[in-house]
Amino acid sequence: MLVQAQHRFTVEEYYRMAETGVLRPDARVELLDGKVIDMSPIGPFHGGVTDYLNEIFTAASKGRWRTRVQNSLHIDDHSEPQ
């Protein structure tokens with residue numbers, strides 16, 4: 001029985017795919033555990049909750065930390081969720 005191997009992408013390879021056009025500039029994808037995963041579109045409820053939570057966390061920080069909204073987060077060499 002033939003077993004198919006999967007390639008686990010690194011963050012560096014993921015960015016290279018974007019730079020070379022393998023991934024479109026408007027592609028809604030993220031890298032999770034070496035896999036390129038399609039992301040769901042952001043709907044009105046998601047957007048509203050995100051804005052609300054950002055306001056709460058920004059006020060709570062009182063300038064002690066920076067809040068980031070829907071930006072990528074480099075976790076390790078194989079994961080960079082949005």
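Visitor: What makes Phe 45, Val 49, Tyr 52, Leu 53, Ile 56 and Phe 57 a nonpolar surface patch?

Guide: Together these six side chains make a patch of about 620 Å². Patch members need over 30% relative accessible area and no salt bridge, with nonpolar side chains (Val, Leu, Ile, Met, Phe, Trp, Tyr) joined within 5 Å and like charges within 9 Å. Areas come from the Shrake-Rupley method with a 1.4 Å probe, and for residues only the protein chains shown count as cover. Bear in mind that this is a predicted model: local features need pLDDT of at least 70 and side-chain atom pairs pLDDT 80 or more, while totals for chains, interfaces and linings use all residues. Residues are numbered from 1 along each chain as its sequence is written, and side-chain values use heavy atoms, leaving out hydrogens and water.

Visitor: Why is Val 49 called partly exposed?

Guide: Val 49 sits in helix α2, residues 44-61. Its relative accessibility is 32%, and partly exposed is whatever lies between buried (under 20%) and exposed (over 50%). So 32% puts Val 49 in the partly exposed class.

Visitor: How do you know that the buried residues of α1 line one face of the helix?

Guide: In α1, residues 11-19, the buried ones are Val 11, Tyr 14 and Met 17. Looking down the axis, they fall within an arc of 115°, so they line one face; the arc is taken from the directions from the helix axis to the C-beta atoms. The face turned away from that buried side carries exposed residues: Glu 12, Arg 16 and Glu 19. What covers the buried residues includes β1 and β2. Right after α1 comes Gly 21, with a positive phi near 90°.

Visitor: What makes Arg 16 and Glu 19 a salt bridge?

Guide: The term calls for a side-chain nitrogen of Lys or Arg within 4 Å of a carboxyl oxygen of Asp or Glu. For Arg 16 and Glu 19 the closest N and O atoms are 3.5 Å apart, and the pair makes the cut. Being 3 residues apart in α1, they are separated by about one helical turn. Glu 19 is exposed, at 60% relative accessible area.

Visitor: How many salt bridges does this rule give?

Guide: The count comes to 3. One of them joins Arg 8 to Asp 33, with the closest N and O atoms 2.7 Å apart. That pair links distant parts of the chain, 25 residues apart: Arg 8 in the segment before α1, Asp 33 in the loop between β1 and β2. Arg 8 is partly exposed at 43%, and Asp 33 is partly exposed at 45%. Another salt bridge pairs Asp 26 with Arg 24, at 3.0 Å between the closest N and O atoms. Asp 26 counts as exposed at 54%, as does Arg 24 at 54%.

Visitor: How do you know that β1 and β2 are paired?

Guide: Strands pair if DSSP finds at least two bridges between them. Here 4 bridges join β1 (residues 29-32) to β2 (residues 35-38), and the strands run antiparallel. Leu 32, for instance, has Lys 35 as its bridge partner.

Visitor: What is notable about phi at Asp 33?

Guide: Phi of Asp 33 is positive, about 50°, although the residue is not a glycine. The hairpin has 2 residues between its strands, and Asp 33 takes this phi there. Gln 70, in the segment after α2, also has a positive phi near 50° without being glycine.

Notes
Buried < 20%, exposed > 50% of the residue type's maximum accessible area, 1.4 Å probe, protein only. Contact = heavy atoms within 4.5 Å.
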